[in-house]
Amino acid sequence: MIGELERGAGCILIADDALTTDFMKAITPFLKEQPTWSDLPILVLSKRGLDSSEMRSIYLELGNVTLLERPVQSVTLVMAVISALRGRSRQYEMREIDRRKDEFLAMLAHELRNPLAPIGAASDLLRVAHLDPVRIQQTSEIIARQVKHMTSLIDDLLDASRVSRGLVKLERSQVDARQLVSSAVEQVRPLIDVRRHRLTVQTPPEAAMIHGDQKRLIQVISNLLNNATKYSPEGSNITLSLELEPDKVIIRVVDDGIGMAQATIDHVFEMFTQAERTSDRSQGGLGIGLALVKSLVEQHEGTVDASSIGIGKGSQFTVSLPRLTTQKPREAPDKPVSTPAPATGLRMLVVDDNIDAAHMLSLLLDAMGHETVVEHTAKSALERARKERPEVCLLDIGLPDLDGNALAKQLRTQPETAHSILIAITGYGQEQDRKRTTESGFDHHLVKPVNMDDLLRIMSQLR
């Protein structure tokens, strides 16, 4: 019996008179050693009227017991077994979720440690060595690249969560899929070049119009290209093609990389799935890119599928989107607008309880030609603001004594800062978080780590 259970038997069906001492000795260790996801269902055929303290004790020891009083109708027995097997099947699903969760946490730890290693080495180098300006520039670029990579990982994770829960609102317009392909290639080109892949892009001469969210559709194509790039050995071939049917636009990414087994194809669009799981995880990523692709394509009333001849024989991903049959005249592209130089010499107040974060932001603003003062609590910030009358306040939201939203409201009531520019600096970037900061009186909302281009863009609008 134990051997059958270890091979995956879904439940036990037993008569109460078979619940002997020998049976209990055999089954009790198995039940006690069940993993957290498991609760083996046991159906007991009980004699009518049998009710004793000894039997109740046995049932409690067995755990997940369903009593069927004998004689039992055949349909009742069959339905009870089916119900028990369905419940056991759900438990197996939970086992798979647990396994994939553990793998995801291992991947997440690995992927976050990867950029942390060069960041740590670069910071140690800046601290202990006397570097010339060129080496300082190279070191700072390393830190910037790795921070950008870490931010991208976190953004992907949050993006997948928002999309899967339907919290992403698509900003639809008429877009030419040829432009989407061009933009996606531009995004992925650096990685393709680093891995020395040969990319072939095939697009039709006529417009391929789609009614969709340009940003999100570029994200779909770039994720597929990234996937092909990472899972192909260096110097491989990748083809990105755009094909037109009367009512469809077909986007196809084909590579001659590591390929996939059928078992992987069946789950490739599920969260936290990777084509090949190895201890070094050289391909990288959190295994959420394709799940994000599927969700976004389906929100555009499209389909996506994957295929592969087998391991080592490459993969193909095909996206099908509804094609617009009637098109509006294309507007002339906007002329590029030059960004004005950021203002300098502003009085600024930085408020963050993270001393290092506040100090670094202050140094950065000072280097840009501003005059900054730093505080680490809301109370001290209010007092400092009355004295210094800052023109710009950069406020952390998670302060220890009063959160940044409440601080912003109080700054708006003080005559010295009623008209100051308030910028939220926070780790929260959901839509409701942005709405909350706006309602609290903030002019801008920046998510940590602060993107310097965004900060410079804000500065260019001042004065």
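In this predicted model, Thr426 sits opposite Val447 of strand β15. The chain gets from β14 to β15 by way of helix α13, residues 431-439, and this β-α-β crossover is right-handed. The two strands, β14 and β15, run parallel and are joined by 4 bridges.

Both strands belong to a bigger picture: an open sheet of 5 strands, laid out in the order β12-β11-β13-β14-β15, with parallel pairing. At its edges are β12 (371-375) and β15 (444-447), each of which pairs on one side only. From one strand to the next, the twist averages 20 degrees. Further into the strand order, β11 (residues 347-351) pairs with β13 (residues 392-396), again in the parallel sense, over 4 bridges. Here Val350 has Leu394 of β13 as its bridge partner. In a regular strand, side chains alternate between the two faces of the sheet.

Helices lie across these strands too. Helix α11 (residues 378-388) lies across β11 and β12, and it runs at about 155 degrees to β12. Helix α14 (residues 452-460) lies across β11, β13, β14 (421-426) and β15, running at about 160 degrees to the last of these, β15.

Another helix worth a look is α7, which covers residues 214-230. With 17 residues at 1.5 Å a residue, α7 should span 24 Å, and its end C-alpha atoms are indeed 24 Å apart, so expectation and model agree. Of those 17 residues, 13 are buried, so α7 is largely enclosed by the rest of the structure. At the start of the helix, Asp213 brings a side-chain oxygen to within 3.1 Å of the backbone nitrogen of Lys215.

Then there is Ser308, found in the loop between β9 (303-307) and β10 (315-322). Its relative accessible area is 19%, and because buried means under 20%, Ser308 counts as buried. The side chain of Ser308 has backbone atoms on hand: it reaches the backbone oxygen of Gly314 at 2.6 Å, while one of its polar atoms lies 3.3 Å from the backbone nitrogen of Gly310. Leaving aside residues up to four places away in sequence, Ser308 touches Gly259, Met260, Ile265, Gly314 and Ser315. Gly314 therefore turns up twice for Ser308, as a residue it touches and, through its backbone oxygen, as a polar partner of the side chain, given that a polar contact is a pair of N or O atoms within 3.5 Å.

Conventions
Residues are numbered from 1 along each chain as its sequence is written. This is a predicted model: local features need pLDDT of at least 70, side-chain atom pairs count only at pLDDT 80 or more; totals for chains, interfaces and linings use all residues. Side-chain values use heavy atoms; hydrogens and water are left out. Two strands pair if DSSP finds at least two bridges between them. Axes are lines fitted to C-alpha atoms, for helices over the stretch in contact, and angles run from 0 to 180 degrees between N-to-C directions. Contact means heavy atoms within 4.5 Å. The expected span of a helix is 1.5 Å times one less than its number of residues. Buried means under 20% relative accessible area, exposed over 50%, partly exposed in between (1.4 Å probe, protein chains only). A polar contact is a pair of N or O atoms within 3.5 Å; within protein, one must be able to donate a hydrogen and the other to accept it, and residues adjacent in sequence count only if both atoms are side-chain atoms. A crossover is right-handed if, with the strands pointing away from the viewer, the path from the first strand over the helix to the second runs clockwise.
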